Amino acid sequence: MFSSLGHVLPGAYRPLFAVRPFRRLLPVFALSDLGDGMSTVAVAWLALSLAPQGGQGALVGICVAAYTLPGALGALVLGRRLRRLSAQRLLVADAVLRALLLGLIPVGWLTGVLGPVGYVVLLGASSLFHAWGKAGKYALFAPLLDDGLRLAANSVLSTSLSTATVLGPVLAGLLAGAVSPAWIIGLDAVTFAVLAVQVGRIALPAAPAGPPGAGGTRQGLGVFRHHPELLGLLVLTWLFNLAYGPVEVALPLFVARSLDDGAGLLGAYWAAFGAGAVVGALGAGAARRLPLWPTMLAIVAGHGIGLLPFAVAHTPVPSLIGFAAAGVVYGPYSALSLALLQERAPSGSLTTVLAARSAVLITASPLGATLGGLLLNRVAAPVLLVGCGLAMILIAALASLVALALAVSVRGRQAVRRCWRATAPATARTVAGAPSDALSDAPSDAPSDTADTADTADPRAGDPADVTPGAAVGVTVRRGMTGSRRSDT
């Protein structure tokens with residue numbers, strides 16, 4: 001079926017279906033994504049049913065965070081042991097752990113022993129390998145694909161995830177009317193079991209070995225430090241995810257309290273977002289032709305604008321339309337950022353860099369979800385949703401101002417160097433026949449290429465003239481983080 005599908009896809013995607021491992025694994029990735037799409041509704045809805053009176057917001061936030069946050073701990077603590085494993089084995093390990101522990105949730109529900117604490121523990125333990133598994137998923141095909149096909153592969157995988165965000169919540173909303181959300185999570189566990197079996201049995205070429213010591217998550221973070229443009233993108237994405245985190249907590253309460261509706265409508269919201277994201281993800285190839293940083297900042301701001309209609313709390317229509325529009329805008333973001341990372345990461349260290357990226361980003365949305373759960377004890381869900389949108393707009397605006405200021409500064413330094421280099425030959429001819437003591441009349445404060453380069457750039461980053469506005473953002477963030485250590489302690 002998937003081989004025939006390649007004939008009706010746009011030309012940029014057809015070569016992917018000539019790669020046999022990709023063609024065979026795409027269906028099981030799609031199935032696993034569908035299970036995760038169902039869990040988007042089921043995890044929060046089961047938390048609402050288990051929460052004590054008055055503690056619904058807090059428990060939903062904790063459960064949403066527990067479903068992903070321990071993956072950051074796993075990436076940091078287990079990096080020394082897991083860094084030697086191939087992408088294939090990392091993906092299998094994550095899928096097996098998820099299948100086993102998520103499968104215990106319906107068992108606990110059936111036997112009557114599942115409580116809030118046990119639920120949070122099972123969700124948290126199931127996500128321990130999540131950062132490595134996610135890294136393995138996107139690194140799995142890197143040895144098989146050239147640079148041109150990697151963006152297409154990222155787009156297809158992102159589209160699969162977005163499609164699951166459409167179908168999964170709708171299916172979960174329908175099932176929630178007949179069975180407990182615990183059984184829906186059990187179906188997600190089954191999809192992970194299928195993924196583990198299929199990925200484990202397929203033959204893949206070995207990825208090129210990285211340089212000695214280039215395996216752990218800390219080494220992956222070192223790659224970001226040495227590539228300011230990637231660091232700037234990582235910081236922007238972290239802030240974006242942080243602002244998005246409370247949405248996953250506030251949306252179920254918006255449906256249950258503000259609209260007085262059930263899991264079916266919650267599924268409709270996620271389906272609307274996913275449908276928009278599918279359309280947006282398919283446009284990632286066209287978006288790649290646009291300037292990277294303006295595109296990324298426009299996506300962040302546009303997503304925030306899509307959340308503003310949640311201010312209308314008496315009917316779901318405006319917020320459904322806005323949420324779908326937010327999905328369209330967000331669609332290309334993951335594919336674009338991953339393509340840049342795959343292009344710029346050193347050869348042989350892609351899995352490590354992706355694991356480090358996941359370890360950092362995986363903290364943002366759960367942290368935002370936890371904060372959102374606490375805030376819901378003080379503010380209404382519509383207020384929090386609109387606040388998330390305004391925060392995204394503010395992040396994009398501030399990042400744009402910083403990038404613009406640094407771009408002007410870089411261009412100014414470039415102009416000074418060009419003027420000095422243009423006058424340098426004439427100055428050399430003037431002083432060529434002069435006595436040595438006449439050279440003392442030369443300006444002592446004349447700019448030096450060497451000194452200027454040393455003052456404005458990391459020697460590993462090349463000529464400062466090559467620094468992009470995005471790279472400058474990364475440098476500024478890094479220096480700002482270094483300067484704030486005292487306040488953190």
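**View 1. Helices α12 and α19 are oblique to each other in this predicted model.** The pair to look at is α12, residues 228–258, packed against α19, residues 364–375. Their axes sit 6 Å apart and make an angle of about 45°, a value outside the parallel, antiparallel and perpendicular ranges, so the pair counts as oblique. As for handedness, the α12 and α19 crossing is right-handed.

**View 2. Here are the residues where α12 and α19 meet.** On the α12 side, the contacts come from Trp238, Asn241, Leu242, Tyr244, Gly245, Pro246, Glu248 and Val249. Facing them from α19 are Ala364, Ser365, Leu367, Gly368, Ala369, Gly372 and Gly373.

**View 3. Helix α3 is largely enclosed by the rest of the structure.** That description holds because eight of the eleven residues in α3 (residues 56–66) are buried. The buried set is Gly57, Leu59, Val60, Gly61, Cys63, Val64, Ala65 and Ala66. Zoom in on Cys63: its relative accessibility is 1%, so with buried meaning under 20%, Cys63 makes the cut.

**View 4. Cys388 is another buried cysteine to check out.** Cys388 comes in at 5% relative accessibility, which means it also falls under the 20% limit for buried. If you're hunting for disulfides, the structure holds zero.

**View 5. Ile105 sits in the largest nonpolar core.** That core has 119 residues, and Ile105 and Tyr119 are the ones with the most contacts inside it. Leaving aside residues up to four places away in sequence, Ile105 touches Leu46, Leu114, Tyr119, Leu122, Leu123, Ala182 and Ile185. So the two top-contact residues, Ile105 and Tyr119, also touch each other.

Methods:
Residues are numbered from 1 along each chain as its sequence is written. This is a predicted model: local features need pLDDT of at least 70, side-chain atom pairs count only at pLDDT 80 or more; totals for chains, interfaces and linings use all residues. Side-chain values use heavy atoms; hydrogens and water are left out. A nonpolar core is a set of buried Ala, Val, Leu, Ile, Met, Phe, Trp, Tyr and Cys residues joined through side-chain atoms within 4.5 Å. Buried means under 20% relative accessible area, exposed over 50%, partly exposed in between (1.4 Å probe, protein chains only). Contact means heavy atoms within 4.5 Å. A disulfide is a pair of cysteine sulfur atoms within 2.5 Å. Axes are lines fitted to C-alpha atoms, for helices over the stretch in contact, and angles run from 0 to 180 degrees between N-to-C directions. Helices (H or I, at least four residues) and strands (E, at least two) are DSSP runs, numbered from the N terminus. Angles under 35 degrees count as roughly parallel, over 145 as roughly antiparallel, 65 to 115 as roughly perpendicular and the rest as oblique. A crossing is left-handed if the near helix is turned anticlockwise from the far one by less than a right angle, and right-handed if clockwise.
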